[in-house]
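Ready for a short walk around this model? Open your viewer, keep the selection tool at hand, and follow along one stop at a time.

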Amino acid sequence: MMEFFLTRQQTGSFLTDMSAWTYRILILLFFIFVVGCTEKDEGRKSPFIQLNSGSNVISCDTAISPGQLMHFDVTAQKGVYNITHFLIRVKSDSSQVYYDTGMNITAFNWTGTFAKSFNDHEVWEFIVRDRYSRSDIISILIQNDSLAGPGPINTYTNIILGAQSNNSHGGCFSLFDELVCFIDEAYNNQEIIDMIYYYGEDDQTIASPGANIEDGIFQEEYTPNNWLYRNTTRFIKTSMIAEEFNLIQNDSILLVSYVEGEGKRKAKNLETGDIYSFKTQDAKYGIFLVTEILGSESGTVKIDIKIQE
């Protein structure tokens, strides 16, 4: 039979080694505990968001008529970590994202304007998050004013816009005063320009000044990419036909045909008969019909427009 025993010297050495290992393990466990608790304690502090009250802004549950403008004033502050995400989500029969942007800041103040849809009830959620998805949210209920009806519209017919090399017709358009002008004139009236027509990589295109218009379309000194004030109109192609467009008498169709979050800064590859819904920088909703088009750098597009008053 094999016997196993340790001398006193060996036993002492063994116990010393065990003590060293125990000490190391205890130190490691202590470090994990302290760090873990610190992270846990810090994680309790999330970012903070609030809707500010004031004249002509919405900060609580309310009722408003369809088509009316809704102004919001939002303030947010970081918790332990910077704010990295701001989101506005609207829930009715479905859920839609009206605003979504990333960031990496300690605080911000945001103001925005939207038009009330025809949904009877909408829950508006304003959400901020940090990089670890810690979040804060404010929810308000916005209902339709049952006593209000559709709003009036303006109708513009036979608007002719010329592409960049057309010397007879300007390609820049102001929806505010039904003004058509050339690019050099638009450069001096940047604040009122909503649409720009040109022929480029997407063929016949109506873009907003806030779009990324490709280089070489306009002279460098006048190109909208270098403007100080760039209105951003957003467009959505619809499945409507001309007969339906011509029947529009108020802003109800204008509102329901535009889906927040889906608008693009360009209406591309335009063809006769195309109908686009749009929303301007100032939250005016409209729709246009392409009635004629000549696709070239010196060509033209003719459109009819209906827009909220």
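Before you start clicking, keep in mind that this is a predicted model.

**Stop 1: the sheet.** Select strand 9 (153–162) to begin. This strand belongs to an open sheet of five strands, and if you colour them in the order 9-18-17-16-14 you will be following the sheet across. The pairing is antiparallel. Now add strand 14 (234–237) to your selection. Strands 9 and 14 are the edges: each has a single partner strand, so one side of each is left without a neighbour in the sheet. Turn the view to look across the strands, and you can follow a twist that averages 25° from one strand to the next.

**Stop 2: one pair inside that order.** Next, select residues 275–279, which are strand 16, together with residues 285–294, which are strand 17. Five bridges join these two in the antiparallel sense. Which residue of strand 17 stands opposite Phe278? Click across and you land on Gly286.

**Stop 3: two cysteines.** Finally, show the side chains of Cys172 and Cys181 and put a distance label between their sulfurs: 5.1 Å. Each is the other's closest cysteine sulfur, as you find starting from Cys172 or from Cys181. Why is there no bond here? A disulfide needs the sulfurs within 2.5 Å, and at 5.1 Å this pair is too far for a bond. The structure as a whole holds zero disulfides.

Switch on a surface while you are here. Cys172 is buried, with a relative accessible area of 1%, and Cys181 also counts as buried, at 5% relative accessibility.

Methods:
Residues numbered from 1 in each chain as written. Predicted model: local features only at pLDDT ≥ 70, side-chain atom pairs only at ≥ 80, totals over all residues. Heavy atoms only, no water. Buried < 20%, exposed > 50% of the residue type's maximum accessible area, 1.4 Å probe, protein only. Pairing = 2+ DSSP bridges. Helix = DSSP H or I, 4+ residues; strand = E, 2+ residues; numbered from the N terminus. Axes fitted to C-alpha atoms, helices over the stretch in contact; angles between N-to-C directions.
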